[in-house]
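Before turning to the individual contacts, here are some numbered remarks to read alongside the coordinates. They begin with charged side chains, move on to the sheet and its helices, and end with a single residue.

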Amino acid sequence: MQNVLRIRNGAVGLNVVTRGREENEPVILVHGYPDNHRVWNPVAERLARSFYVITYDVRGAGESDIPGDTSDYRMAALASDLACVTDQVIPDRPFHLVGHDWGSIQSWESVTQGRLQARIKTFTSISGPSLDHAAYWARSKLTSRSLADKVKAFRQLASSWYIGMFHLPLLAPAAWRFGLDSVWPDYLRRQGVPLETPNPFQKQDGQFGVNLYRANFRRKLLFPEPRYACCPVQLLVPLQDAYVGEQLFDDLGKWVPDLTRHNIDAGHWVILSHPEKVAQLIADFAQRGLKQKRFIAG
């Protein structure tokens with residue numbers, strides 16, 4: 001059973017969906033680009049058997065409000081939205097946090113600073129590095145005397161070609177307005193992703209979500225800050241990810257004292273192609289050290 005809530009963070013209304021028994025351990029799932037909360041449905045349905053699962057459309061996506069200014073998509077605003085969701089849905093309760101793609105990128109902000117740190121019990125990161133960590137990684141590889149390190153850096157730059165396109169004033173939004181959304185389901189299927197129901201908000205999710213890149217990438221990559229995790233972190237690495245190379249996580253142990261890593265033979269949208277596997281890993285990590293019944297996916 002799903003419950004749909006509408007909460008506000010200042011001028012921005014956020015669409016929130018909960019599943020499961022409210023008294024269970026809370027798990028918050030944050031989606032990436034160009035998706036909305038629906039991308040989590042296969043994982044959320046499995047987790048809801050043992051957890052209280054919370055998903056929401058980030059600002060600019062799904063049925064949440066679409067701010068007008070690029071600056072409204074900065075990390076501080078995204079972290080504020082997460083805090084607002086937790087304060088209104090599970091006030092004062094600790095929770096487990098999971099992010100995919102930009103959902104993971106923005107979640108690192110709360111895992112490494114801010115008032116939610118004391119409440120985040122675990123963080124599972126999927127295909128979304130901290131931009132600060134990524135900036136330090138790129139600098140270390142590009143300035144290294146090792147040819148292998150430089151090759152790693154240039155390989156990742158080649159995989160991230162789309163980020164430059166997203167910074168062009170008109171191209172990326174226009175592509176979504178004029179038909180990219182209609183071919184997106186076929187693109188996902190070619191990536192090995194089963195898509196039973198196309199995203200009804202795909203056009204706007206793609207068009208307005210590019211502001212996540214425009215508002216944050218230059219600032220973070222030019223002026224990174226040291227970021228240390230406040231909680232145990234689980235890293236799920238899809239080995240066939242065409243966008244986020246596994247080499248980006250080479251130095252993550254420097255920033256995360258308690259790090260667990262699982263490689264999965266899958267592409268970027270592993271949460272759709274392997275929901276049972278992902279749900280099981282999230283549940284096992286959340287329940288690590290806890291005397292709770294074992295979650296069974298499938």
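1. In this predicted model, Glu 109, Asp 132, Lys 220, Glu 225 and Arg 227 are joined to one another in a network of salt bridges. The count of salt bridges comes to 18, and the next three points take up some of the individual pairs. As a general matter, side chains of opposite charge can pair when their charged atoms come close.

2. Arg 115 and Asp 87 form a salt bridge in which the closest N and O atoms are 2.6 Å apart. The pair links distant parts of the chain, 28 residues apart, with Arg 115 in the loop between α3 (102–112) and β6 (120–126) and Asp 87 in helix α2 (residues 75–89). Which of the descriptions exposed or buried fits Arg 115? With a relative accessibility of 56%, Arg 115 counts as exposed, because the cut-off for that class is over 50%; Asp 87, at 30%, counts as partly exposed.

3. A salt bridge is also formed by Glu 246 with Arg 261, and here the closest N and O atoms are 3.2 Å apart. Glu 246 lies in the loop between β7 (233–238) and β8 (259–264), whereas Arg 261 belongs to strand β8, so that distant parts of the chain, 15 residues apart, are linked by the pair. Glu 246 has a relative accessible area of 37% and is partly exposed, and Arg 261, with 35%, is partly exposed as well.

4. The side chains of Arg 288 and Asp 258 meet in a salt bridge with an N to O distance of 3.1 Å. Because Arg 288 lies in the segment after α10 (275–286) and Asp 258 in the loop between β7 and β8, the pair ties together parts that are 30 residues apart in sequence. Arg 288 is partly exposed, at a relative accessible area of 42%, and Asp 258 is partly exposed at 33%.

5. What is the order of the strands in the open sheet? The sheet has 8 strands with mixed pairing, in the order β1-β2-β4-β3-β5-β6-β7-β8. Its edge strands are β1 (2–9) and β8, each of which pairs on one side only. Direction ignored, neighbouring strands of this sheet are turned by 20° against each other on average.

6. Within the sheet, strand β3 (residues 26–30) and strand β5 (residues 95–100) run parallel and are joined by 4 bridges; Val 30 has Gly 99 as its bridge partner in β5. Helix α2 lies across β1, β2 (12–19), β3, β4 (52–56) and β5, and runs at about 125° to β1. Helix α3 packs on the sheet too, touching β3, β4, β5, β6 and β7, with a direction that makes about 150° with that of β6.

7. Tyr 52 has its place in strand β4. Is Tyr 52 buried or exposed? Its relative accessibility is 6%, so Tyr 52 counts as buried, the cut-off being under 20%. Leaving aside neighbours within four places in sequence, Tyr 52 is in contact with several residues, among them Thr 18, Arg 19, Pro 26, Val 27, Val 89, Ile 90 and Arg 93. Tyr 52 and Pro 185, by contrast, are 133 residues apart in sequence and 30 Å apart in space, taken from C-alpha to C-alpha.

Methods: Residues are numbered from 1 along each chain as its sequence is written. This is a predicted model: local features need pLDDT of at least 70, side-chain atom pairs count only at pLDDT 80 or more; totals for chains, interfaces and linings use all residues. Side-chain values use heavy atoms; hydrogens and water are left out. A salt bridge is a side-chain nitrogen of Lys or Arg within 4 Å of a carboxyl oxygen of Asp or Glu. Helices (H or I, at least four residues) and strands (E, at least two) are DSSP runs, numbered from the N terminus. Buried means under 20% relative accessible area, exposed over 50%, partly exposed in between (1.4 Å probe, protein chains only). Two strands pair if DSSP finds at least two bridges between them. Axes are lines fitted to C-alpha atoms, for helices over the stretch in contact, and angles run from 0 to 180 degrees between N-to-C directions. Contact means heavy atoms within 4.5 Å.
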